[in-house]
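Thanks for coming. I have one structure today, and I will go from the overall layout down to a few single residues.

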Amino acid sequence: MKIYCIQHVEFETLGTIVEWIEKRNHSLSITRLYENQNFPSLDRFDLLIVMGGPMNIYEYEKYPWLRKEKNISQRSYFCRKSSTWNLPWRSAYC
């Protein structure tokens, strides 16, 4: 499984989740927003993990990447990347 993580700040890490990923031979990629890294396309991962951070959902001015993060989170949800929901309209977003 290809696992993708969005990390907002340096001190919010995956911790022991990395061990779980490695034991199961899954791959892991991380976008570190504090290093101005870009988001991948949806076909690059199967599972999305979004870490916490100091931002709030409306702070677009302070965190310009926030809109893009919301977009990839929403699209991954509709494409069943991080959810088991079977939504009939999901194919329009994938």
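Before anything else, one term: contact here means heavy atoms within 4.5 Å. A second one goes with it, since I will quote an angle: axes are lines fitted to C-alpha atoms, for helices over the stretch in contact, and the angles between N-to-C directions run from 0 to 180 degrees. With that in hand, helix α2, residues 66-78, lies across β1 and β3, and runs at about 145° to β3. Please keep in mind that this is a predicted model.

Now the layout. The chain has two helices and three strands, and from the N terminus on the elements run β-α-β-β-α. It has 94 residues, of which 32% count as buried. The exposed area of the chain is about 6400 Å², with 49% of that supplied by carbon and sulfur atoms. If you take contacts between residues at least 6 apart in sequence, 65% of them join residues at least 24 apart.

Next, the sheet. In what order do the three strands stand? The order is β2-β1-β3, in an open sheet with parallel pairing. β2 and β3 are at the edges with a single partner strand each, so one side of each has no neighbour in the sheet. From one strand to the next, the twist averages 20°.

As a reminder, strands of a sheet pair through backbone hydrogen bonds, either parallel or antiparallel. Here β1 is joined to β2, residues 27-32, by six bridges, and the two run parallel. One pair to look at is Gln7, whose bridge partner in β2 is Arg32. To get from β1 to β2 the chain passes through α1, and this β-α-β crossover is right-handed. On the other side, four bridges join β1 to β3, residues 47-50, again parallel. There, Cys5 stands opposite Ile49 in β3. As for cover, five of the six residues of β1 are buried.

Let me stay with Gln7 for a moment. Gln7 sits in strand β1. Is Gln7 buried or exposed? Its relative accessible area is 6%, and the cut-off for buried is under 20%, so Gln7 counts as buried. Which backbone oxygens lie by a polar atom of its side chain? That of Val9 lies 3.1 Å away, and that of Glu12 lies 3.2 Å away. Leaving out residues up to four places away in sequence, Gln7 touches residues including Ile30, Thr31, Arg32, Leu33 and Tyr34, as well as Met51.

The next residue along is His8, in the loop between β1, residues 2-7, and α1, residues 17-23. His8 is in a loop, yet it is buried, at a relative accessible area of 4%. Its side chain has two backbone oxygens to report. A polar atom of the His8 side chain lies 2.8 Å from the backbone oxygen of Met51, and the His8 side chain reaches the backbone oxygen of Gly52 at 3.1 Å. Beyond four places in sequence, the residues His8 touches include Leu33, Tyr34, Gly53, Trp65 and Glu69.

On to helix α1, where Ile21 lies. Ile21 is buried, with a relative accessible area of 2%. What does Ile21 touch, not counting residues up to four places away in sequence? The residues are Ile3, His26, Ser27 and Leu28. Ile21 and Lys2 are 19 residues apart in sequence, and their C-alpha atoms are 9.6 Å apart in space.

Last, two asparagines. Most residues other than glycine have a negative phi. Asn25 has a positive phi of about 60°, although it is not a glycine. Asn25 is found in the loop between α1 and β2, and is exposed, with a relative accessible area of 69%. Asn36 also has a positive phi, of about 60°. Asn36 belongs to the loop between β2 and β3. Why does Asn36 count as exposed? Because its relative accessibility is 66%, and exposed means over 50%.

To close, the items to look for on screen are the β2-β1-β3 sheet, helix α2 across β1 and β3, and buried Gln7 and His8.

Methods:
Residues numbered from 1 in each chain as written. Predicted model: local features only at pLDDT ≥ 70, side-chain atom pairs only at ≥ 80, totals over all residues. Heavy atoms only, no water. Buried < 20%, exposed > 50% of the residue type's maximum accessible area, 1.4 Å probe, protein only. Polar contact = N/O pair within 3.5 Å; in protein donor to acceptor, adjacent residues only side chain to side chain. Pairing = 2+ DSSP bridges. Right-handed = clockwise from strand over helix to strand, strands pointing away. Areas by Shrake-Rupley, 256 points an atom, 1.4 Å probe, with all protein chains shown as cover.
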